[in-house]
Amino acid sequence: MKKILALIVAMTLAGAMSITAFATVETNGDTKQTKVTFNVEPTYMVTIPASVTLQKVEAVNQITYENNYVITASAGVRLKKNEYIEVTVTSDYEMETQEGATLAYTITKDDAPLVDSIVAIFNTDKAEQTSQIHIAANDPDYAGEYEDKVTFTVAVKTASSSN
(Lines give C-alpha, C1' and ligand atoms only; values in the text may rest on other atoms or scores of the structure.)
Protein backbone atom coordinates (compact mmCIF):
# COMPACT_ATOMS: atom_id res chain seq x y z
CA MET A 1 0.00 0.00 0.00
CA LYS A 2 2.84 2.38 0.83
CA LYS A 3 4.42 1.68 -2.54
CA ILE A 4 1.18 2.50 -4.38
CA LEU A 5 0.73 5.72 -2.40
CA ALA A 6 4.36 6.70 -3.05
CA LEU A 7 3.85 6.01 -6.78
CA ILE A 8 0.69 8.18 -6.90
CA VAL A 9 2.48 11.07 -5.09
CA ALA A 10 5.49 10.76 -7.43
CA MET A 11 3.25 10.83 -10.51
CA THR A 12 1.33 13.84 -9.17
CA LEU A 13 4.56 15.74 -8.53
CA ALA A 14 5.89 14.85 -11.97
CA GLY A 15 2.69 16.05 -13.59
CA ALA A 16 2.83 19.35 -11.68
CA MET A 17 6.38 20.11 -12.83
CA SER A 18 6.69 22.64 -15.63
CA ILE A 19 7.82 21.50 -18.99
CA THR A 20 9.97 23.77 -21.12
CA ALA A 21 8.98 23.94 -24.74
CA PHE A 22 11.49 24.72 -27.42
CA ALA A 23 10.66 26.10 -30.82
CA THR A 24 12.95 26.33 -33.77
CA VAL A 25 12.60 28.98 -36.45
CA GLU A 26 14.62 28.48 -39.53
CA THR A 27 15.60 31.84 -40.97
CA ASN A 28 18.43 30.94 -43.31
CA GLY A 29 20.12 34.14 -42.15
CA ASP A 30 17.08 36.37 -42.76
CA THR A 31 16.01 38.99 -40.22
CA LYS A 32 12.44 38.90 -39.01
CA GLN A 33 10.55 41.78 -37.33
CA THR A 34 7.46 41.98 -35.19
CA LYS A 35 5.30 45.10 -35.24
CA VAL A 36 4.11 46.18 -31.77
CA THR A 37 1.29 48.76 -31.64
CA PHE A 38 -1.29 50.34 -29.39
CA ASN A 39 -3.43 53.48 -29.57
CA VAL A 40 -4.05 56.20 -26.99
CA GLU A 41 -6.91 58.56 -27.81
CA PRO A 42 -6.59 62.27 -26.95
CA THR A 43 -8.30 62.98 -23.63
CA TYR A 44 -9.14 66.25 -21.89
CA MET A 45 -11.88 68.00 -19.93
CA VAL A 46 -12.05 71.79 -19.65
CA THR A 47 -14.38 73.30 -17.05
CA ILE A 48 -15.68 76.86 -17.40
CA PRO A 49 -18.02 78.37 -14.77
CA ALA A 50 -21.65 78.57 -15.90
CA SER A 51 -21.99 82.01 -14.32
CA VAL A 52 -19.90 84.63 -12.56
CA THR A 53 -21.36 87.24 -10.21
CA LEU A 54 -19.38 90.46 -9.84
CA GLN A 55 -18.91 91.69 -6.27
CA LYS A 56 -18.88 95.33 -5.17
CA VAL A 57 -15.38 96.51 -4.27
CA GLU A 58 -15.04 99.82 -2.42
CA ALA A 59 -11.76 101.69 -2.36
CA VAL A 60 -10.94 105.33 -1.60
CA ASN A 61 -13.27 107.41 -3.82
CA GLN A 62 -13.84 104.46 -6.16
CA ILE A 63 -16.37 101.68 -6.48
CA THR A 64 -15.99 98.82 -8.93
CA TYR A 65 -17.67 95.46 -9.47
CA GLU A 66 -15.20 92.61 -9.91
CA ASN A 67 -14.58 88.92 -9.52
CA ASN A 68 -12.07 86.25 -10.41
CA TYR A 69 -12.97 82.91 -11.89
CA VAL A 70 -10.97 79.90 -12.89
CA ILE A 71 -10.95 77.85 -16.07
CA THR A 72 -9.70 74.34 -15.30
CA ALA A 73 -8.27 71.51 -17.34
CA SER A 74 -8.77 68.37 -15.27
CA ALA A 75 -5.82 66.15 -14.43
CA GLY A 76 -4.85 63.81 -17.23
CA VAL A 77 -4.80 66.03 -20.32
CA ARG A 78 -3.33 63.88 -23.08
CA LEU A 79 -2.84 65.31 -26.55
CA LYS A 80 -0.72 64.44 -29.55
CA LYS A 81 2.85 65.76 -29.63
CA ASN A 82 2.98 69.49 -30.50
CA GLU A 83 -0.72 69.96 -29.70
CA TYR A 84 -2.24 72.19 -27.01
CA ILE A 85 -5.69 73.35 -25.92
CA GLU A 86 -6.57 76.98 -26.51
CA VAL A 87 -9.57 78.60 -24.83
CA THR A 88 -10.75 81.89 -26.33
CA VAL A 89 -13.55 84.27 -25.41
CA THR A 90 -15.97 86.21 -27.61
CA SER A 91 -17.92 89.11 -26.13
CA ASP A 92 -19.08 92.64 -26.88
CA TYR A 93 -17.82 93.54 -23.36
CA GLU A 94 -21.00 95.36 -22.49
CA MET A 95 -23.56 94.37 -19.86
CA GLU A 96 -27.14 95.58 -20.06
CA THR A 97 -30.16 95.80 -17.76
CA GLN A 98 -33.72 94.89 -18.81
CA GLU A 99 -34.43 98.63 -18.83
CA GLY A 100 -31.64 99.25 -21.38
CA ALA A 101 -28.87 100.71 -19.18
CA THR A 102 -25.44 99.55 -20.37
CA LEU A 103 -22.09 99.16 -18.66
CA ALA A 104 -18.74 98.26 -20.22
CA TYR A 105 -16.54 95.66 -18.54
CA THR A 106 -13.11 94.12 -19.05
CA ILE A 107 -11.75 90.60 -18.95
CA THR A 108 -8.09 90.21 -18.09
CA LYS A 109 -5.74 87.28 -17.57
CA ASP A 110 -2.79 87.57 -15.23
CA ASP A 111 -3.55 91.29 -14.74
CA ALA A 112 -3.01 92.00 -18.44
CA PRO A 113 -5.38 92.58 -21.36
CA LEU A 114 -6.24 89.50 -23.39
CA VAL A 115 -4.07 88.72 -26.40
CA ASP A 116 -6.15 87.45 -29.35
CA SER A 117 -8.99 86.79 -26.88
CA ILE A 118 -7.04 83.85 -25.38
CA VAL A 119 -8.03 83.17 -21.76
CA ALA A 120 -6.26 79.81 -21.27
CA ILE A 121 -3.70 77.48 -22.80
CA PHE A 122 -3.35 73.91 -21.54
CA ASN A 123 -0.78 71.28 -22.49
CA THR A 124 -0.47 67.53 -22.00
CA ASP A 125 -0.06 67.13 -18.26
CA LYS A 126 -0.98 64.57 -15.61
CA ALA A 127 -1.71 67.34 -13.08
CA GLU A 128 -4.70 69.70 -13.05
CA GLN A 129 -4.09 73.00 -14.84
CA THR A 130 -5.83 76.32 -14.19
CA SER A 131 -6.09 79.79 -15.67
CA GLN A 132 -7.40 82.64 -13.52
CA ILE A 133 -9.47 85.30 -15.25
CA HIS A 134 -10.61 88.64 -13.82
CA ILE A 135 -13.78 90.52 -14.83
CA ALA A 136 -14.22 94.15 -13.77
CA ALA A 137 -16.72 96.95 -14.37
CA ASN A 138 -16.84 100.53 -13.09
CA ASP A 139 -19.62 101.79 -10.83
CA PRO A 140 -22.75 102.09 -13.02
CA ASP A 141 -24.86 105.23 -13.24
CA TYR A 142 -28.14 103.31 -13.03
CA ALA A 143 -29.53 100.64 -10.73
CA GLY A 144 -30.55 97.29 -12.16
CA GLU A 145 -29.37 93.79 -12.83
CA TYR A 146 -26.61 93.95 -15.42
CA GLU A 147 -26.01 90.90 -17.58
CA ASP A 148 -24.05 89.76 -20.63
CA LYS A 149 -23.30 86.42 -22.24
CA VAL A 150 -19.72 85.46 -22.96
CA THR A 151 -18.95 82.69 -25.45
CA PHE A 152 -15.97 80.41 -24.84
CA THR A 153 -14.38 78.31 -27.56
CA VAL A 154 -12.20 75.33 -26.64
CA ALA A 155 -10.00 74.09 -29.48
CA VAL A 156 -7.06 71.75 -29.91
CA LYS A 157 -4.31 73.55 -31.83
CA THR A 158 -1.00 72.45 -33.33
CA ALA A 159 2.12 74.29 -32.23
CA SER A 160 4.62 75.24 -34.87
CA SER A 161 7.62 72.98 -34.53
CA SER A 162 11.10 74.47 -34.73
CA ASN A 163 12.85 71.07 -34.77
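**View 1. Thr88 and its bridge partner in this predicted model.** Thr88 pairs with Thr153, its bridge partner in E10. Thr88 itself has its place in strand E4. E4 covers residues 83-90. Between E4 and E10 there are eight bridges. The two strands run antiparallel.

**View 2. The surroundings of Thr88.** Which residues does Thr88 touch, leaving aside those up to four places away in sequence? One run of contacts is Asp116, Ser117, Ile118 and Val119. Thr151, Phe152 and Thr153 complete the list. Thr153 thus appears here as a contact, and it is also the bridge partner of Thr88. Is Thr88 buried or exposed? Its relative accessible area is 17%, so Thr88 counts as buried, because the cut-off for buried is under 20%.

**View 3. The open sheet around E4.** Three strands make up this sheet. Their order is E8-E4-E10. The pairing is antiparallel. Which strands lie at the edges? They are E8, residues 118-122, and E10, residues 151-158. Each of these edge strands pairs on one side only. From one strand to the next, the twist averages 20°.

**View 4. The largest pocket.** This pocket holds about 710 Å³ of space. Its lining consists of 25 residues. Which of them lie nearest the centre? They are Val52, Met95, Tyr146, Glu147 and Asp148. Three elements give two or more residues to the lining. They are strand E3 (62-73), strand E6 (102-109) and strand E9 (129-138).

**View 5. The character of the pocket lining.** How many residues of the lining are nonpolar, polar or charged? The nonpolar group has 18 members. Three lining residues are polar. Four are charged.

**View 6. The whole chain, for orientation.** The secondary structure comes to one helix and 10 strands. Where does the helix come in the order of elements? From the N terminus on, the α element leads, and the β elements follow it. The chain has 163 residues, and buried residues make up 23% of them. Thr88, shown in the close-up of its surroundings, is one of the buried residues. Contacts also span the sequence. Among those between residues at least 6 apart, 77% join residues at least 24 apart.

Technical notes
Residues numbered from 1 in each chain as written. Predicted model: local features only at pLDDT ≥ 70, side-chain atom pairs only at ≥ 80, totals over all residues. Heavy atoms only, no water. 1 Å grid on protein atoms, 1.4 Å probe; cavity = no way out; pocket = protein on both sides within 12 Å on 5 of 7 lines; lining within 4 Å. Points joined across faces, edges and corners; volume = space filled by probe spheres on them. Helix = DSSP H or I, 4+ residues; strand = E, 2+ residues; numbered from the N terminus. Nonpolar A, V, L, I, M, F, W, Y, C, P; charged D, E, K, R; others polar. Pairing = 2+ DSSP bridges. Axes fitted to C-alpha atoms, helices over the stretch in contact; angles between N-to-C directions. Buried < 20%, exposed > 50% of the residue type's maximum accessible area, 1.4 Å probe, protein only. Contact = heavy atoms within 4.5 Å.
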